Amino acid sequence: MTTFLVIAAVMAAVAAAAVAFPLLRDRQSRVLGALLAVITVAAAAGLYPLWSNWNWHAPAQAASGAPAGALAGAPDVAAMVAKLEKRLTDAPNDGAGWLMLGRSYLALNRLEDAVVAYDHAHQLDGKSAEAAMGLGEAMSLRAGGEITPQASQLFEEALVLAPTNPKALLYGGFAAAVRGDRALARTRWTALKDLHPPPQIEQMLDARIAELGAPAGAPAGAPAESRAAPDAAQAGTNASIAGTSTSAPGLGPADVTVRINLAPALKSRLVSEAPLFVFAREPGSRGPPLAAKRLTSTALGTEVRLSPADSMLPGRVLVSGQRVSVTARVSFTGQPVPSAGDLYGELSYEVGRDGARTLVIDRVAE
């Protein structure tokens, strides 16, 4: 029963994490890392397992007997995690328990704790693909979405232990792409497509494979394999996921450009560098934004551009002609969700029409 309650609590936490969106540092040198973190780490680690019917954690769920959709009546997450922590203090060699704790910490965004828990599981069972995968995933999240050499090695280890594991193929493809091995990345993502993942994952894979270009030895000008025969609507979705602008006739690119200034009355509150989150979402929406960036307060006074490349989820992108709400928030907690004392500003923006506008941070969150 305890196992069931913990899993149910973790799944509820994952649902909440869809709102507390993970954002990244905006560095040109991390383009592929950003794609991994926004599209893969955030989605695959949290949203895909929750919203899709493809079972990323079949072995764990089968072992626990927990129903995949058990969200109703989930108990207090922190209390359940604390109970599991206590149990592992008494039974430190329980590898399955450390795996469960790692998944719990990951869902709660306790990244440092997740690394420690998965490392325990990995040390207890060096033949566990899930332990290697989880440790690599937690390390990548902790590094801001960047696949570190150690994380890459763990993904390779997981693929040796479980060559057809969907998440291992997904992360392993990104690890190969980061190393510059496009052929291996294409092979892994194609193998993942052959497992018939949910449509949103397949769309993302099509876009990533297309970005790799035509396979070596293909005739000049030959289309990438992922472009073989998509219909017009699918092609538009893939272009959006790949980061190209989605423009409507007569309008400019599907971009949002704002110059972010801090109101003079609030400058005394900013005594040191702090995270700055900039995001655009549909007016009145509380779900994941359409586009988002994580910067620092050093970006105040500069222009920030959001585009379909900054999409949080496949298929949910900025579109020309769309009206959005743009928010800039200085977060003293380092978290994207609002906290008392944060500084923020908002404006309404028409994508593809408004051009560069000034967004003033002039309010204090209560």
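User: Happy to look at this predicted model with you. At what angle do helix α5 and helix α7 pack, and is that roughly parallel or roughly antiparallel?

Analyst: Helix α5 covers residues 95-107 and helix α7 covers residues 129-142, and their axes lie 11 Å apart. The packing angle is about 25°. Angles under 35 degrees count as roughly parallel, so α5 runs, relative to α7, roughly parallel.

User: Nice. Which residues of α5 meet α7, and how many residues of the contact are charged?

Analyst: On the α5 side, the residues are Leu99, Arg103 and Leu106. Across from them in α7 sit Glu130, Ala131, Glu137, Ala138 and Leu141. The contact has five nonpolar residues and no polar ones, and its charged residues number three.

User: What is the handedness of the crossing where α5 passes α7?

Analyst: Good one to check by eye in the structure. The crossing of α5 with α7 is left-handed.

User: Let's turn to the rings. Is the pair of Phe155 and Tyr171 stacked or edge-to-face?

Analyst: The structure holds two aromatic pairs. In the pair of Phe155 and Tyr171, the centres are 5.0 Å apart and the planes differ by 20°. Planes under 30 degrees apart count as stacked, so this pair is stacked.

User: And which helices does the pair of Phe174 and Trp189 link?

Analyst: Phe174 and Trp189 pair edge-to-face, at 5.0 Å centre to centre with 70° between the planes. These partners are 15 residues apart in the chain, and the helices they link are α9 and α10.

User: Are Phe174 and Trp189 buried or exposed?

Analyst: Buried means under 20% relative accessible area. By that cut-off, both Phe174 and Trp189 are buried.

Technical notes. Residues numbered from 1 in each chain as written. Predicted model: local features only at pLDDT ≥ 70, side-chain atom pairs only at ≥ 80, totals over all residues. Heavy atoms only, no water. Phe/Tyr/Trp six-rings, centres within 6.5 Å; stacked < 30°, edge-to-face > 60°. Helix = DSSP H or I, 4+ residues; strand = E, 2+ residues; numbered from the N terminus. Buried < 20%, exposed > 50% of the residue type's maximum accessible area, 1.4 Å probe, protein only. Axes fitted to C-alpha atoms, helices over the stretch in contact; angles between N-to-C directions. Parallel < 35°, antiparallel > 145°, perpendicular 65-115°, else oblique. Left-handed = near helix turned anticlockwise from the far one by under 90°. Contact = heavy atoms within 4.5 Å. Nonpolar A, V, L, I, M, F, W, Y, C, P; charged D, E, K, R; others polar.
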